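Got your viewer open? Let's walk through this one stop at a time, with something to select at each stop.

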Amino acid sequence: MLRIDWDTGRIPDDYHDPYLELVHLLTEGAALEHSLMIAYLYALFSIKDTYREVRGDIATRSFLDLSPAGRGGTTVLRRKETFLDVALEEMQHLSLVNRFLVDLGAAPNFTPHAFPYTSDLYPFDIELRSLDRYVAATYLWIEADDCALSLHPACAATRQPLAFIKQVRRALAAGSARYREHPIDEESLNQVGSLYRRVLELTQIVAARPPDFLPREFPWGAWESRIKWILFQGEISHFEFFLDIFTGKAFGASDRIWKAGPKFPAYDFTWKTAYTARPHTIVDAAARRLAWLSNLHYWIILSLLDAAYRARGFAAFYSAARL
């Protein structure tokens, strides 16, 4: 479980060896990206057809549509995002992190965190939930940089307006008992970017004194650039997208769209499981069998991806992408 040192505001080292710590954080990063991808997809499918332009067209898009490196430069600001774009880009992040792990001689990680996922990085759990204003606030928080939603005086020049920050925090408090019970320590504000900033630091440390088993021509500079791309894409394009979701602008409305009524942008899904004899087991037998089959399909894809990355071959990768 990722955590932070509340005295320093940094993610503490679990290993004295920088190489082992880099592998550890990348493994955690892969699980986190995987969990965010699933959470975003769950929210995506809850969005009503009325707002399909916000949802994105799942029928015409594929992970293969996108470059493994994703959109860079100012294109992340010029092109309008959809929920599907953000989810696909989380898939790209998962791909890149696993490629880095394999290049470092470590195993890829295609196992997501179990839901609900609790981490000291966030003042709330990451859950599978239909889109509502609280969920939009959690996604906005996750993708924010260190200052965007901070009340700390050092962030005064670059943060969002104070009234808006307090609005986001009220939405978090309304939906998260954990947030209400454990007030945010402003000296130690952390988002997902904190993880990648530490990964960048460790990449530079390991590059200065690399292990003997890594090739001398290891592309350290290229990997620094890729990790920066993951970091900046989240803190720029994804943050701006979820800002528009939270304020209602993405739906062509104001934040009043989150009031109960026919214009509310999403259906209220209840998270159920295909496992039997559970408090939240899917009751309908046919639906439960379909959910079970879908889950098996999902794990087959992950197994193919794991095999592809371990073998550094693309046959299994493309087979997984076509499933």
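Start at the beginning of H10: a side-chain oxygen of Asp-284 comes to within 3.2 Å of the backbone nitrogen of Ala-286. Helices here are DSSP runs of H or I with at least four residues (strands are E, at least two), numbered from the N terminus.

Before going on, a word on what you're looking at. This is a predicted model, where local features need pLDDT of at least 70, side-chain atom pairs count only at pLDDT 80 or more, and totals for chains, interfaces and linings use all residues. Residues are numbered from 1 along each chain as its sequence is written, and side-chain values use heavy atoms, with hydrogens and water left out.

**Stay on H10.** Select its two end C-alpha atoms: they are 39 Å apart, which agrees with the 39 Å that its 27 residues should span at 1.5 Å a residue. That expected span is 1.5 Å times one less than the number of residues. Now pick Ile-301, Leu-302, Leu-305, Asp-306, Ala-308 and Tyr-309, which are buried. Buried means under 20% relative accessible area, exposed means over 50%, and partly exposed is in between (1.4 Å probe, protein chains only). Just after the helix, Arg-312 takes a positive phi of about 55 degrees.

**Zoom out.** Colour by secondary structure and you should find 11 helices and zero strands. Of the 323 residues, 50% count as buried.

**Select H5, residues 133–143**. How many of its residues are buried? The count is 11 of the 11, so H5 is largely enclosed by the rest of the structure. Tyr-139, Leu-140 and Trp-141 are among them, and so are the charged-type names Arg-133 and Glu-143. At the start of H5, a side-chain oxygen of Asp-132 reaches to within 3.1 Å of the backbone nitrogen of Tyr-134.

**Step back to Arg-129.** You'll find Arg-129 in the loop between H4 (83–103) and H5, partly exposed at 27% relative accessible area. Its side chain meets that of Asp-132 in a salt bridge (3.1 Å, N to O); the rule is a side-chain nitrogen of Lys or Arg within 4 Å of a carboxyl oxygen of Asp or Glu. Now show what surrounds Arg-129: leaving aside neighbours within four places in sequence, it is in contact with Tyr-42, Ala-43, Tyr-134, Val-135 and Gly-175. Contact means heavy atoms within 4.5 Å. Ala-43 is 86 residues from Arg-129 in sequence, but their C-alpha atoms are 6.2 Å apart.

**Next, the salt bridges around H8.** The count for salt bridges comes to eight. Select Arg-197 and Asp-146, whose side chains pair at 3.9 Å, N to O. Arg-197 lies in H8 (192–208) and Asp-146 in the loop between H5 and H6 (162–175), so the pair ties together parts that are 51 residues apart in sequence. Then try Glu-201 and Arg-198, another salt bridge, at 2.8 Å. These two are three residues apart in H8, separated by about one helical turn. Glu-201 is partly exposed at 29%, whereas Arg-198 is buried at 10%.

**Last stop, the surface.** Select Phe-45, Ile-58, Tyr-267 and Phe-269: they form a nonpolar patch with about 400 Å² of accessible area together. Patches take residues with over 30% relative accessible area and no salt bridge, joining like charges within 9 Å and nonpolar side chains (Val, Leu, Ile, Met, Phe, Trp, Tyr) within 5 Å. Phe-269 sits in the loop between H9 (220–247) and H10 (285–311).

Definitions and conventions: Areas by Shrake-Rupley, 256 points an atom, 1.4 Å probe, with all protein chains shown as cover. Polar contact = N/O pair within 3.5 Å; in protein donor to acceptor, adjacent residues only side chain to side chain.
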